[in-house]
Amino acid sequence: MKTDSELKCDVENELKWEPSVNEAHIGVVANNCVITLSGHVATFAEKYAAEKASKRVYGVKAVADEIDVKLLGLKKPTDEDIAQACIIALKNNTSVPDENIKITITSGRVSLSGELEWQYQREAAMNAVRFLPGVVSISNQMIVKSRVSPKNLLDKIKFAFHRSADIDARRITIDAIDGKVTLHGNVRSWAEKEEAQDVAWAAPGVMAVDNMITVSP
């Protein structure tokens, strides 16, 4: 297992490697395989990219993202500007049923709520507004209310895990009751944990995923 100093160095190098991140204003602390990011960046998209880059590093068990978004420029978008941009972005994304989503903006903080049928729609809505100018954070309050019957849900997820080249299905157990899926076990990296969650969400009839998997490099 890597020492905290080795892990800190690897995360710093990964941030330098990521072209969408300016690592000069980001601090990295490693403690028992948990990475804490601090400092400030110019956009929420850069904050998101820094967190994703840190999670890619082998040995990282969790990331605490304490980076602040400090918007640059003399004329910052108003909440009304951001709201209009969100409406257009959601409407232009063919994967998003924009009529089912409500938007609330407070000091650049975007809150999305409403009911959707699929997790991919929820992710698409988040991605549509994540890179808009003026956004400093996103609160995802959208709920998946699938109309698809969760029949044989457990077997479908198990088969999907075994098909995946990125998941060691032997290290994961699955519980599925009434469309709610719980994942247990341990995996080798944060990326594998997230991949398992994404695969579970992709199964027809899933309405919630509780990812209890631990990362044990």
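In the predicted model, Asp178 is found in the loop that joins strand 8 and strand 9. Its phi is near 50 degrees, a positive value in a residue other than glycine. Most residues other than glycine have a negative phi. Asp178 has a relative accessible area of 64%, and because the cut-off for an exposed residue is over 50%, Asp178 counts as exposed. A positive phi, of about 55 degrees, also occurs at Asn152, although Asn152 is not a glycine. Asn152 belongs to the loop between strand 7 and helix 5.

Helix 5 comprises residues 153–163, and its buried residues are Leu153, Ile157, Ala160 and Phe161. When helix 5 is viewed down its axis, these buried residues fall within an arc of 100 degrees, so they line one face of the helix. An α-helix has 3.6 residues a turn, so residues three or four places apart point the same way. The buried residues of helix 5 pack against three elements: strand 8 (172–177), strand 9 (180–187) and helix 6 (190–201). On the face turned away from the buried side of helix 5 are the exposed residues Phe159, His162 and Arg163.

An open sheet is formed by 3 strands in the order 5-6-7, with mixed pairing. Strand 5 (101–106) and strand 7 (137–144) are at the edges of this sheet, and each has a single partner strand, so one side of each is left without a neighbour in the sheet. From one strand to the next, the twist averages 10 degrees. Strand 6, which covers residues 109–116, pairs with strand 7 in the parallel sense, over 8 bridges. Within this part of the sheet, Ser113 has Gln141 of strand 7 as its bridge partner.

Two helices are placed against these strands. Helix 3 (residues 79–92) packs on the sheet and touches strand 5 and strand 6. The direction of helix 3 makes about 155 degrees with that of strand 5. Helix 4 (residues 119–130) lies across strand 5, strand 6 and strand 7, and runs at about 160 degrees to strand 7. Because angles over 145 degrees count as roughly antiparallel, helix 4 is roughly antiparallel to strand 7.

One residue of strand 5 is Lys102. Lys102 is exposed, and its relative accessible area is 61%. Neighbours within four places in sequence being left aside, Lys102 is in contact with Ser111, Leu112 and Ser113. Lys102 and Gly114 are 12 residues apart along the chain, while their C-alpha atoms are separated by 6.0 Å.

A further pair of packed helices is made up of helix 1 (residues 4–17) and helix 2 (residues 44–56). Two packed helices are described by the angle between their axes and the distance between the axes. For helix 1 and helix 2 the angle is about 130 degrees, and the axes are 9 Å apart. Helix 1 and helix 2 are therefore oblique to each other, and their crossing is right-handed. At this packing, Val11, Glu14 and Leu15 of helix 1 meet Ala50, Ala53, Ser54 and Arg56 of helix 2.

How values were computed:
Residues numbered from 1 in each chain as written. Predicted model: local features only at pLDDT ≥ 70, side-chain atom pairs only at ≥ 80, totals over all residues. Heavy atoms only, no water. Buried < 20%, exposed > 50% of the residue type's maximum accessible area, 1.4 Å probe, protein only. Helix = DSSP H or I, 4+ residues; strand = E, 2+ residues; numbered from the N terminus. Arc of directions from axis to C-beta. Contact = heavy atoms within 4.5 Å. Pairing = 2+ DSSP bridges. Axes fitted to C-alpha atoms, helices over the stretch in contact; angles between N-to-C directions. Parallel < 35°, antiparallel > 145°, perpendicular 65-115°, else oblique. Left-handed = near helix turned anticlockwise from the far one by under 90°.
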